[in-house]
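Trainee: I should like to learn how to read the features of a protein model. May we go through them one at a time?

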Amino acid sequence: MSGKVDERHNANRRRPFNVFTVLRSASDEVNLHSRFLHALLEHRDPLSGERENLDAFIRCVARADAFALENARVDREWNRIDLLISNGREAIVVENKIWASDQERQLERYQNVMVEQGYDEGAIRLLYMTPFGHEPSAESAGAIPVEDIRLVSYREDLAHWLIGCQRRAFDDPGLRESVAQYRRLMLAMTNSGYEAEHMNDLKELLLRDDNVIVASQIAKSLADVQTELVVAFYGVIDRVLQEKVDDLPSIDPEYAYLAEEDEVRRCVTGRGRKLDSGLYYPVPDTDSVWLTVSGADRLWVGVSCSSDDDAKLHGELREVLRGVGGSHHADNWAPWWRWLDELPGWSGGDEWLHIRDPNEATLRFLSNPASLEELAETAAHALGDVWTVIKAS
């Protein structure tokens, strides 16, 4: 129904230059997002010296109307807190989470750090900032009730705040364009970068004949289709892994539900507290190590082994896998892992695979059997190299 509208608006449309995507990965929380947001929050009007961006963030994003701006300071990466706004009596703690997994009791630890600095618990506001404004996991919140944590969305809250930042930079072309480029990056990251003209044409189309009724019926079935695509995707990955990786164990029966319809639907629609889906293959003779293809938002491939469950084994795996597979990541949850869309088989441009609220690039990719097969084979190659080293160690 909207195909011709999309075709008309996207035909010969050039992607505008964006310095942020040139210099950093769009998912770089620390060196891109937190650093640029910190710069905006610290910015002062050259004439008045006022920090209007900071004031707007406190009032409109943090919803802390009573917070005193006088003597306020903004710190980045202080005691591992991504962004900290404080004035000596009150504190706003911002956890900036793009696609990285939560750390155990992370938000509770940050609150305790501020209490140790002399702040009353009631004067500490915790912000959990993610692309779509989802809740932190129970493990991350710790003893803090989730309702006491302010959920901030890049797609909604940050988008509106950035418009204000851009307007306030009317007499500073460099800053104004930087904010504009960052906002375009953020809109693309959250699959909401549509032009106003495009959206107006779609609205006009919906108002014709019975199109709005048809669209309503399509919307109701969309989650079903998205779920089927993701379940089928996991099926392709599992089949190719079993074919290509020698001696790969079968999927762990205890976690098989994570690739089945009910759990995938929860992950796709973003419902529930702990959103996860994927494939977990248990490593024999251990009870805490799995070869994994998984993700709550963005999908990754690697080795699951929490340092909290077995610090010694986690450290040994991290060391033995250090030189495997070129560029990769390691953290407390996984001694070796890579984003699945960083593998050579991914052909989605600057986008990545989203399981929660799948974006257009993800849906196109999941609908293409040849692309799925190619990505599954590159995933099998990556896990095969890791598995060979683990078996030999």
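Mentor: The turns below take up helices, backbone angles, salt bridges, surface charge and contacts in turn. Please keep in mind that this is a predicted model.

Trainee: Let us begin with a helix. How many residues does helix 8 have, and what distance does it reach from its first C-alpha to its last?

Mentor: Helix 8 covers residues 173–189, which is 17 residues. From its first C-alpha to its last it reaches 24 Å, close to the 24 Å expected at 1.5 Å a residue.

Trainee: Which residues of helix 8 are buried?

Mentor: A residue is called buried when its relative accessible area is under 20%. In helix 8 the buried residues are Leu175, Val179, Ala180, Gln181, Tyr182, Leu185, Met186, Leu187 and Met189.

Trainee: I now turn to the backbone. What sign does phi have in most residues other than glycine?

Mentor: Most residues other than glycine have a negative phi. In this structure, Arg63 has a phi near 55 degrees, a positive value in a residue other than glycine. Glu77 likewise has a positive phi, near 55 degrees, and is not a glycine.

Trainee: Where do Arg63 and Glu77 lie?

Mentor: Arg63 belongs to the loop that runs between helix 4 (52–61) and strand 1 (73–78). Glu77 lies in strand 1. Arg63 has a relative accessible area of 48% and is therefore partly exposed. Glu77, at 33% relative accessibility, also counts as partly exposed.

Trainee: Why can side chains of opposite charge pair?

Mentor: Side chains of opposite charge can pair when their charged atoms come close. A side-chain nitrogen of Lys or Arg must be within 4 Å of a carboxyl oxygen of Asp or Glu for the pair to count as a salt bridge. The structure holds 15 salt bridges.

Trainee: Which residue meets Arg51 in a salt bridge, and is Arg51 buried or exposed?

Mentor: The side chain of Arg51 meets that of Glu42, at 3.7 Å from N to O. Arg51 counts as buried because its relative accessibility is 9%, whereas Glu42 is partly exposed, with a relative accessible area of 33%.

Trainee: Which residue meets Glu108 in a salt bridge?

Mentor: Glu108 is joined to Arg105 by a salt bridge of 2.8 Å, N to O. At 12% relative accessibility Glu108 counts as buried, while Arg105 is partly exposed at 39%.

Trainee: What can be said of Arg265 and Glu261?

Mentor: Their side chains form a salt bridge of 2.9 Å, N to O. Both residues lie in helix 11 (residues 261–269), 4 residues apart, about one turn of the helix. Arg265 is partly exposed at 22% relative accessibility, and Glu261 is partly exposed with a relative accessible area of 46%. Salt bridges that share partners join Asp224, Glu261 and Arg265 into one network.

Trainee: Which residues gather in the patch of negative charge on the surface?

Mentor: The patch is made of Glu104, Glu139, Asp287, Asp308 and Asp309. One of its members, Glu139, is found in helix 6 (residues 138–141). Its relative accessibility is 35%, so Glu139 counts as partly exposed.

Trainee: Finally, how should I read a pair of residues that are set apart along the chain?

Mentor: One reads the separation in sequence beside the C-alpha distance in space. Thr388 and Asp246 are 142 residues apart along the chain, and their C-alpha atoms are separated by 8.6 Å. Thr388 has its place in helix 14 (residues 369–392) and is partly exposed at 49% relative accessibility.

Trainee: Where is Cys267 placed, and what separates its C-alpha atom from that of Thr227?

Mentor: Cys267 is in helix 11, the helix that also holds Arg265 and Glu261. The C-alpha atoms of Cys267 and Thr227 are separated by 8.8 Å, with their positions 40 residues apart along the chain. Cys267 is buried, because its relative accessible area is 1%.

Trainee: Is Glu147 buried or exposed?

Mentor: Glu147 counts as exposed, at 67% relative accessibility. This residue is found in the loop between helix 6 and strand 5 (149–153). Glu147 and Glu135 are 12 residues apart in sequence and 9.3 Å apart in space, C-alpha to C-alpha.

Conventions. Residues numbered from 1 in each chain as written. Predicted model: local features only at pLDDT ≥ 70, side-chain atom pairs only at ≥ 80, totals over all residues. Heavy atoms only, no water. Patch = residues over 30% accessible without salt bridge, like charges linked within 9 Å, V, L, I, M, F, W, Y side chains within 5 Å. Areas by Shrake-Rupley, 256 points an atom, 1.4 Å probe, with all protein chains shown as cover. Lys, Arg positive; Asp, Glu negative; His and termini not counted. Charge placed at Lys NZ, Arg CZ, Asp CG, Glu CD. Helix = DSSP H or I, 4+ residues; strand = E, 2+ residues; numbered from the N terminus. Buried < 20%, exposed > 50% of the residue type's maximum accessible area, 1.4 Å probe, protein only. Expected span 1.5 Å × (residues − 1).
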